[in-house]
Every structure is written in structure tokens, then in C-alpha cells.
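Please open the model in your viewer, with the cartoon drawn and the side chains hidden for the moment. The tour below goes from one selection to the next and says what is to be found at each stop.

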Amino acid sequence: MLDDYFETKEEEQDYYKMIAFQELFKVLRNNFLNIRELRVLEIASGEGQITRKLVTIFKNVTAIDPKLAMEEDYENLTKEIKYFNSSEYDCSNYDLLVSCCPCGLSEDIIYASKRYNVPFFIILCNCLHGFKTKEEWYINLKTKAEPAVLYKGKYEIWYLTNLKDR
Ligand SMILES: C[S@@+](CC[C@H](N)C(=O)[O-])C[C@H]1O[C@@H](n2cnc3c(N)ncnc32)[C@H](O)[C@@H]1O
């Protein structure tokens, strides 16, 4: 069992995030001819676990987080150490919004996607956000994000995206 395999909760989470990232990659391959050219805005990058993957795939990545904790630099990465806010941040120069576990920011990312007509892919966190179950929160978000689709991937990874998983 995988549950017995990991020594720490963090190790387990990292593993699941990488699986979620593979889901993103699969969905992108189904939607875009030239993934490499996409200009990607990653919101709430944290310690950059997903950012490090994004820079290997995309020519142009911007990571925004007031607590971005990434020491290393990449030619194709712009770091923005500040808060994202859909009413102030211009997303029109991006082709894709990506976020992993943005917690309470999820709704604002959905809002930005609609406002700027840029597709989004959010790997959802497990917090309850005042709901009784995480599934209830996911459904609530999905309603706001429609016609976006809520997916339950392998290993309890949920993600919400308005890209088609054909
Ligand atoms: C749960 S962590 C997720 C970090 C990372 N994506 C991961 O999966 O490990 C949430 C992150 O959201 C960031 N954050 C909170 N409000 C934000 C905002 N308005 N704009 C950008 N980042 C924000 C926090 O600083 C934190 O790093």
C-alpha cells in the first residue's frame, strides 16, 4: 500500500502533486498543438514544486506568490513576489492559468479565467472551506466555474478545469 510507503505526510503530498501534474500535461496535450509556446501564469506557487516542472515544459512561465520560496532562477521564469488579485492583475498576456492547492484563492482564479478568457487548471486542496465535506466544496466551486469540469483523478486528486479532457 502507498500509505505505508511514505515516511512523512509531505512526501506523500509531493507524490500526489506530481501525479496531478501528469494529469495537467495529459489535458494540455489534448487541447493544444504546441504546448511549449504557451505563456503560463502559475498562481500561489509556494515552494515551487509545480513551478520546477512547468519550466521544463513551457517557454514562458510566471510564478506569483507573496511567499514564493524558490532560490533558483530559470531563464524562462519570471518570479512575482506579490499577491494575485483578479481585479488588479492583467491576465490577458497569458494562455493558461495553473494553480496547485491555492485554497481560498480558487474562486478568484476561476473569476480571472472568465474575465480574461484564459483557460485554467486548478489542482484542488483538501481543506473544507467551511463546508462539511471537501466534495461539497468542490461541487460549490464547480457551480461557479461552469462549464468547467471537476475531475477526480487517481489517488484522491481532484482538479477543476475548463479545458476539455477529450
Ligand atoms: C497551500 S499553499 C500551496 C503552495 C504550492 N502551490 C503547493 O502546492 O505546494 C498556498 C500558497 O498560496 C499563496 N497565496 C495566498 N494568497 C495568495 C494570493 N492572493 N496570490 C498568490 N499567492 C497567494 C501562499 O503564500 C501559499 O504559498
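Begin with the ligand and the shell of residues around it, which divides into 13 nonpolar, three polar and four charged residues. The shell holds 20 residues, and the closest to the ligand are Ala44, Gly46, Lys67, Phe84 and Cys100. Keep in mind throughout that this is a predicted model.

**The sheet**

Next, hide the side chains again and select the strands, seven of which form an open sheet with mixed pairing, in the order E3-E2-E1-E4-E5-E7-E6. Which strands stand at the edges? They are E3 (77–80) and E6 (149–152), and because each has a single partner strand, one side of each is left without a neighbour in the sheet. If you look along the sheet, neighbouring strands are turned against each other by 15° on average, with direction ignored.

**From E4 across E5 to E7 and E6**

Select E4 (residues 96–100) together with E5 (residues 120–123): these two strands run parallel and are joined by four bridges. Within this pair, Ser99 has Ile122 of E5 as its bridge partner, and Cys100 stands opposite Ile123 in E5. Cys100 was already met at the first stop, as one of the residues closest to the ligand.

Now show the side chains of E5 alone. In a regular strand the side chains alternate between the two faces of the sheet. In E5, Phe120 and Ile122 lie on one side and Phe121 and Ile123 on the other, and as all of them are buried, both faces of the strand are covered.

Add E7 (residues 158–161) to the selection, where Trp158 and Leu160 point one way and Tyr159 and Thr161 the other way, all of them being buried. E5 and E7 run antiparallel and are joined by three bridges, with Ile122 standing opposite Leu160 in E7. Moving on to the edge strand, you will find that E6 and E7 also pair, in the antiparallel sense and over four bridges, and that Tyr151 stands opposite Tyr159 in E7.

**H4 across the strands**

Select helix H4 (residues 106–116), which lies across E1 (39–43), E4 and E5 and runs at about 170° to E5. The loops on either side of this helix are worth a closer look at the backbone. In the loop between E4 and H4 is Cys103, whose phi is near 60°, a positive value in a residue other than glycine. Is Cys103 buried or exposed? Cys103 has 12 C-beta neighbours inside 10 Å and therefore counts as exposed. In the loop between H4 and E5 is Asn117, which is not a glycine but has a positive phi of about 55°. Asn117 has 9 C-beta neighbours inside 10 Å, so this residue counts as exposed.

**H2 and H3**

Turn now to helix H2 (residues 9–31) and helix H3 (residues 49–57), which pack at an angle of about 35° with their axes 10 Å apart. H2 passes H3 in a right-handed crossing. To see the contact itself, show Asp14, Lys17 and Phe21 in H2, which meet Gln49, Ile50 and Lys53 in H3. The residues of this contact divide into two nonpolar, one polar and three charged.

Stay with H3 and colour its buried residues, which are Ile50, Thr51, Lys53, Leu54 and Val55. What do the buried residues of H3 pack against? They pack against H2, E1, E2 (60–64), E3 and E4. Thr56 lies in H3 as well, yet with 9 C-beta neighbours inside 10 Å it counts as exposed. Draw a distance from Thr56 to Asn76, and you will see two residues that are 20 residues apart in sequence and 9.1 Å apart in space, C-alpha to C-alpha.

**A last stop at Pro147**

Finally, select Pro147 in the loop between helix H5 (134–145) and E6. The peptide bond leading from Glu146 to Pro147 is cis, with omega near 10°. From this loop the chain can be followed in the viewer to E6, the edge strand that has a single partner strand, and from E6 to E7, with which E6 pairs in the antiparallel sense.

Methods:
Residues are numbered from 1 along each chain as its sequence is written. This is a predicted model: local features need pLDDT of at least 70, side-chain atom pairs count only at pLDDT 80 or more; totals for chains, interfaces and linings use all residues. Axes are lines fitted to C-alpha atoms, for helices over the stretch in contact, and angles run from 0 to 180 degrees between N-to-C directions. A crossing is left-handed if the near helix is turned anticlockwise from the far one by less than a right angle, and right-handed if clockwise. Two residues are in contact if their C-beta atoms, placed from the backbone, lie within 7 Å. Ala, Val, Leu, Ile, Met, Phe, Trp, Tyr, Cys and Pro count as nonpolar, Asp, Glu, Lys and Arg as charged, and the others, Gly among them, as polar. Two strands pair if DSSP finds at least two bridges between them. A residue is near a molecule or strand if its C-beta atom, placed from the backbone, lies within 6 Å of it. A residue is buried if 20 or more other C-beta atoms lie within 10 Å of its own, exposed if 12 or fewer, and partly exposed in between; C-beta atoms are placed from the backbone.
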